[in-house]
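Student: Please give me a close look at the turns in this chain and at the strands they connect. I'd like to know which spots deserve a second glance when I open the viewer.

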Amino acid sequence: MVTRAFRQVGVPTPSLHIQPVHHTTLVNLKTDFYATGTQPLTKTVTLLGHHVTLRIHTDHFTFTFGDGHTLTTTEPGNPYPRLTDTHTYLRKGRVRVHLATTWAATYRIDRGTWHTVAGTITTTTPDQRLRITTATPVLTNPGNGNG
(Lines give C-alpha, C1' and ligand atoms only; values in the text may rest on other atoms or scores of the structure.)
Protein backbone atom coordinates (compact mmCIF):
# COMPACT_ATOMS: atom_id res chain seq x y z
CA MET A 1 0.00 0.00 0.00
CA VAL A 2 2.84 2.40 0.79
CA THR A 3 4.45 1.79 -2.59
CA ARG A 4 1.12 2.51 -4.30
CA ALA A 5 0.76 5.72 -2.26
CA PHE A 6 4.28 6.75 -3.28
CA ARG A 7 3.37 6.29 -6.94
CA GLN A 8 0.12 8.23 -6.55
CA VAL A 9 1.31 11.31 -4.64
CA GLY A 10 3.18 12.52 -7.70
CA VAL A 11 6.73 13.74 -8.09
CA PRO A 12 7.89 16.68 -10.18
CA THR A 13 9.66 16.40 -13.50
CA PRO A 14 12.84 18.47 -13.10
CA SER A 15 13.85 20.91 -15.82
CA LEU A 16 16.82 20.15 -18.09
CA HIS A 17 19.22 23.01 -18.85
CA ILE A 18 21.96 23.03 -21.48
CA GLN A 19 24.94 25.40 -21.76
CA PRO A 20 25.92 27.02 -24.09
CA VAL A 21 22.40 28.39 -24.38
CA HIS A 22 20.18 28.80 -27.47
CA HIS A 23 20.28 25.06 -28.26
CA THR A 24 23.60 25.28 -30.12
CA THR A 25 27.00 23.93 -29.13
CA LEU A 26 30.32 23.23 -30.85
CA VAL A 27 32.11 20.04 -31.81
CA ASN A 28 34.87 19.27 -29.24
CA LEU A 29 33.44 21.74 -26.68
CA LYS A 30 32.36 20.50 -23.25
CA THR A 31 28.61 21.01 -23.24
CA ASP A 32 27.10 21.40 -19.76
CA PHE A 33 23.89 19.68 -18.70
CA TYR A 34 22.10 20.20 -15.38
CA ALA A 35 18.71 19.81 -13.75
CA THR A 36 16.67 22.12 -11.54
CA GLY A 37 13.59 21.30 -9.52
CA THR A 38 15.25 18.38 -7.76
CA GLN A 39 14.63 19.35 -4.14
CA PRO A 40 13.46 16.63 -1.73
CA LEU A 41 9.82 16.75 -0.69
CA THR A 42 7.66 15.40 2.10
CA LYS A 43 4.08 14.19 1.62
CA THR A 44 1.68 12.78 4.17
CA VAL A 45 -1.18 10.43 3.26
CA THR A 46 -3.70 8.49 5.32
CA LEU A 47 -3.75 4.71 4.91
CA LEU A 48 -6.10 2.54 6.97
CA GLY A 49 -6.52 5.36 9.47
CA HIS A 50 -2.77 5.94 9.95
CA HIS A 51 -0.69 8.91 8.89
CA VAL A 52 2.03 7.77 6.51
CA THR A 53 4.78 10.31 5.90
CA LEU A 54 6.84 9.95 2.73
CA ARG A 55 10.25 11.59 2.35
CA ILE A 56 10.87 11.68 -1.39
CA HIS A 57 14.31 12.40 -2.85
CA THR A 58 16.19 11.97 -6.11
CA ASP A 59 18.10 8.72 -6.43
CA HIS A 60 19.86 9.29 -9.75
CA PHE A 61 19.77 11.19 -13.03
CA THR A 62 20.31 9.83 -16.53
CA PHE A 63 21.22 12.39 -19.18
CA THR A 64 20.69 11.09 -22.72
CA PHE A 65 22.81 13.10 -25.16
CA GLY A 66 21.26 11.98 -28.44
CA ASP A 67 24.45 10.63 -29.99
CA GLY A 68 24.33 7.19 -28.40
CA HIS A 69 25.94 8.29 -25.13
CA THR A 70 24.38 8.69 -21.69
CA LEU A 71 25.54 9.76 -18.25
CA THR A 72 24.02 8.33 -15.07
CA THR A 73 24.92 10.20 -11.89
CA THR A 74 23.60 10.93 -8.42
CA GLU A 75 24.18 14.67 -8.90
CA PRO A 76 21.91 17.01 -10.90
CA GLY A 77 24.84 18.93 -12.36
CA ASN A 78 25.65 22.64 -12.08
CA PRO A 79 25.54 25.73 -14.26
CA TYR A 80 28.68 27.51 -15.46
CA PRO A 81 31.34 27.83 -14.09
CA ARG A 82 31.00 24.58 -12.03
CA LEU A 83 30.70 22.19 -14.96
CA THR A 84 30.17 18.74 -13.47
CA ASP A 85 27.88 16.90 -15.90
CA THR A 86 29.31 17.52 -19.36
CA HIS A 87 29.44 15.82 -22.71
CA THR A 88 31.68 16.48 -25.71
CA TYR A 89 30.14 15.94 -29.13
CA LEU A 90 32.61 14.67 -31.73
CA ARG A 91 30.78 15.57 -34.94
CA LYS A 92 28.30 18.14 -36.11
CA GLY A 93 24.64 17.42 -36.50
CA ARG A 94 21.35 17.66 -34.66
CA VAL A 95 20.39 15.57 -31.66
CA ARG A 96 17.55 15.28 -29.19
CA VAL A 97 18.52 15.24 -25.53
CA HIS A 98 16.50 14.48 -22.42
CA LEU A 99 16.79 13.80 -18.72
CA ALA A 100 15.32 10.91 -16.75
CA THR A 101 15.15 11.50 -13.00
CA THR A 102 14.63 8.54 -10.68
CA TRP A 103 13.03 9.25 -7.32
CA ALA A 104 13.14 7.08 -4.18
CA ALA A 105 11.47 7.45 -0.79
CA THR A 106 11.44 6.47 2.84
CA TYR A 107 8.31 6.31 4.96
CA ARG A 108 7.09 6.07 8.51
CA ILE A 109 3.68 5.20 9.88
CA ASP A 110 2.40 7.69 12.44
CA ARG A 111 5.57 8.59 14.35
CA GLY A 112 7.31 5.23 13.94
CA THR A 113 10.71 4.39 12.52
CA TRP A 114 11.69 5.16 8.94
CA HIS A 115 11.72 2.42 6.28
CA THR A 116 12.64 2.34 2.60
CA VAL A 117 9.78 2.34 0.12
CA ALA A 118 10.03 -0.58 -2.32
CA GLY A 119 10.56 0.65 -5.86
CA THR A 120 11.28 3.99 -7.50
CA ILE A 121 9.54 6.45 -9.81
CA THR A 122 11.18 7.84 -12.95
CA THR A 123 10.14 11.06 -14.67
CA THR A 124 11.45 12.08 -18.09
CA THR A 125 11.69 15.57 -19.58
CA PRO A 126 10.45 16.22 -23.10
CA ASP A 127 13.19 16.02 -25.73
CA GLN A 128 15.17 19.18 -26.39
CA ARG A 129 16.75 19.72 -29.77
CA LEU A 130 20.43 20.58 -29.83
CA ARG A 131 22.47 21.64 -32.83
CA ILE A 132 26.15 20.75 -32.88
CA THR A 133 28.17 22.88 -35.26
CA THR A 134 31.78 23.65 -36.06
CA ALA A 135 33.64 26.93 -35.86
CA THR A 136 36.50 28.11 -38.03
CA PRO A 137 39.05 30.33 -36.30
CA VAL A 138 40.30 33.35 -38.21
CA LEU A 139 43.80 34.57 -37.40
CA THR A 140 45.08 37.98 -38.41
CA ASN A 141 48.38 39.80 -38.28
CA PRO A 142 47.89 43.45 -37.34
CA GLY A 143 51.37 44.26 -38.69
CA ASN A 144 50.54 43.40 -42.33
CA GLY A 145 47.37 45.44 -42.71
CA ASN A 146 44.99 42.48 -42.33
CA GLY A 147 43.59 43.37 -38.98
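Tutor: Start with P81, which sits in the loop between strand 6 (70-73) and strand 7 (86-88). Strands here are DSSP runs (E, at least two residues), numbered from the N terminus. Y80 and P81 are joined by a cis peptide bond, with omega about 10°. Keep in mind that this is a predicted model, in which local features need pLDDT of at least 70, side-chain atom pairs count only at pLDDT 80 or more, and totals for chains, interfaces and linings use all residues. Residues are numbered from 1 along each chain as its sequence is written, and side-chain values use heavy atoms, leaving out hydrogens and water.

There's another cis bond to look at, between Q19 and P20, again with omega about 10°. P20 belongs to the loop that runs between strand 1 (15-19) and strand 2 (24-26). That's worth a glance because most peptide bonds are trans, just as most residues other than glycine have a negative phi.

Stay in that loop and you'll meet H22, also placed between strand 1 and strand 2. H22 isn't a glycine, yet its phi is positive, at about 70°. With a relative accessible area of 71%, H22 is exposed (over 50%; buried is under 20%, and partly exposed lies in between, with a 1.4 Å probe and protein chains only). Now go past strand 2 to N28, in the loop between strand 2 and strand 3 (30-36). N28 has a positive phi too, near 70°, and is a residue other than glycine. N28 counts as exposed because its relative accessibility is 59%.

Strand 3 itself holds T36. At 32% relative accessibility T36 is partly exposed. Setting aside neighbours within four places in sequence, T36 is in contact (heavy atoms within 4.5 Å) with P14, S15 and H17. T36 and N78 are 42 residues apart along the chain, but their C-alpha atoms are separated by 9.0 Å.

Next, follow strand 5 (50-64) out into the loop toward strand 6, where you'll find D67. D67 is partly exposed, with 31% relative accessibility. Beyond its neighbours within four places in sequence, D67 is in contact with H87, Y89 and V95. The C-alpha atoms of D67 and R94 are 9.0 Å apart in space, with these positions 27 residues apart in sequence terms.

R94 takes us onto strand 8, which spans residues 93-109. R94 is exposed, with a relative accessible area of 68%. On the surface, R94 gathers with R96, R129 and R131 in a patch of positive charge. Strand 8 and strand 11 (128-133) are the elements that give two or more residues to this positive patch. A charge patch takes residues with over 30% relative accessible area and no salt bridge, joining like charges within 9 Å (nonpolar side chains are joined within 5 Å). A salt bridge is a side-chain nitrogen of Lys or Arg within 4 Å of a carboxyl oxygen of Asp or Glu.

T101 is on strand 8 as well, and here the picture is of a covered residue: T101 counts as buried because its relative accessibility is 0%. Apart from its neighbours within four places in sequence, T101 is in contact with P14, T58, H60, F61, I121, T122 and T123. You've already seen P14 among the contacts of T36.

Just off strand 8 comes D110, in the loop leading to strand 9 (115-116). D110 is partly exposed, at 32% relative accessibility. Leaving out neighbours within four places in sequence, D110 is in contact with H50 and H51. The C-alpha atoms of D110 and H50 are separated by 6.0 Å, although 60 residues lie along the chain from one to the other.

Finish on H51, over in strand 5. H51 counts as partly exposed because its relative accessibility is 45%. Again leaving aside neighbours within four places in sequence, H51 is in contact with T44, V45 and T46, and also with R108, I109 and D110. For H51 and R108, 57 residues apart along the chain, the C-alpha separation is 8.3 Å.

Definitions and conventions:
Helices (H or I, at least four residues) and strands (E, at least two) are DSSP runs, numbered from the N terminus. Accessible areas come from the Shrake-Rupley method with a 1.4 Å probe; for residues, only the protein chains shown count as cover. Lys and Arg count as positive and Asp and Glu as negative; His and the chain ends are not counted. The place of a charge is taken as NZ of Lys, CZ of Arg, CG of Asp or CD of Glu.
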